[in-house]
Amino acid sequence: MMHYFHRQVQLWGEETQRLLQKKKIAIIGSGGLGSSLAFALGASGIGEIHMIDFDEVSLHNIHRQIAFKVGDEGKNKARLNAELIEARCPYTKAIAHECDFKEWSEKKIEVDLIIDATDNLPTRGEINSYAKEVQMPWLYGSVEAFHGQVCFIEASSFSDAFKIVKKTPAGIAAPIVMHIASLQANLALRYLAELPIKKDLLYYLFFNNEGELITQKFGLPKAD
């Protein structure tokens, strides 16, 4: 195992790599962000990854949802991502749940971290409520057009900081999806490896009209 993870072991040592083997995470959504997270975290040595999604692959998903290829249309996204994770890493168990978040939450599966890879605010509100109920941190991520947001939520509350509404998303290209998922994955790995991270800090990234990448940070208030 240490030979497989040689470059990571160089980074944080064998003890931390063994620690990751004991960790369990849930990725809610297996489309754009979820596919990129499956690539970024699936071969990192996390012991168990739960992929949750009721949806099936459509042709228009494939350009930005990097786990899928032409011919995968009609197949469940969570199952394809779980198969990909286990094909790339023999040290990670990947479990597919072909359901929505509410149904998964009713299973009461214990994990160390929930990662949001959904595409709508109401589901994120449900994730926030569940995380508060079971006293678990979670990683929020959203992406649209040329901007995205990421926050490791522990003491703050998504429902207090954001207005929960339904809206039609704007267009999107693959690179910004991968960029936001990469930031989520870095925060997740640092947390699971027990390295320092800033919690309850919202990162807002976007390209302005001149093509400059802007990064802003906002502290979220503690939950009431």
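**Close-up views of a sheet and two helices**

**View 1. Helix 2 beside helix 3.** The axes of helix 2 and helix 3 come within 10 Å and cross at roughly 20°. Helix 2 is therefore roughly parallel to helix 3 (angles under 35 degrees count as roughly parallel, over 145 as roughly antiparallel, 65 to 115 as roughly perpendicular and the rest as oblique). The crossing of helix 2 past helix 3 is right-handed (the near helix is turned clockwise from the far one by less than a right angle). Axes are lines fitted to C-alpha atoms, for helices over the stretch in contact, and angles run from 0 to 180 degrees between N-to-C directions. Helices (H or I, at least four residues) and strands (E, at least two) are DSSP runs, numbered from the N terminus.

The model is predicted: local features need pLDDT of at least 70, side-chain atom pairs count only at pLDDT 80 or more, and totals for chains, interfaces and linings use all residues. Residues are numbered from 1 along each chain as its sequence is written, and side-chain values use heavy atoms, with hydrogens and water left out.

**View 2. Residues between the two helices.** From helix 2, G34, S35, A38, F39 and G42 meet N81, L84, I85 and R88 of helix 3. Contact means heavy atoms within 4.5 Å. By class, 4 nonpolar, 4 polar and 1 charged residues make up this contact. Ala, Val, Leu, Ile, Met, Phe, Trp, Tyr, Cys and Pro count as nonpolar, Asp, Glu, Lys and Arg as charged, and the others, Gly among them, as polar.

**View 3. The open sheet.** Its 8 strands follow the order 3-2-1-4-5-6-7-8, with mixed pairing. Two strands pair if DSSP finds at least two bridges between them. Strand 3 (93-97) and strand 8 (213-219) stand at the edges; each has a single partner strand, so one side of each lacks a neighbour in the sheet. The twist averages 15° from one strand to the next.

**View 4. Strands 5 and 6, with helix 2 on the sheet.** Strand 5 (residues 138-144) pairs with strand 6 (residues 147-153) in the antiparallel sense, over 7 bridges. V143 has G148 in strand 6 as its bridge partner. Helix 2 (residues 32-42) packs on the sheet and touches strand 1 (24-28), strand 2 (48-52), strand 4 (113-116) and strand 5. The direction of helix 2 makes about 170° with that of strand 2.

**View 5. Strand 2 under cover.** In strand 2, 5 of its 5 residues are buried (under 20% relative accessible area; exposed is over 50%, partly exposed in between, with a 1.4 Å probe and protein chains only). E48, H50 and I52 point one way, I49 and M51 the other. Strand 1 runs parallel to strand 2, joined by 5 bridges. I28 stands opposite I52 in strand 2.
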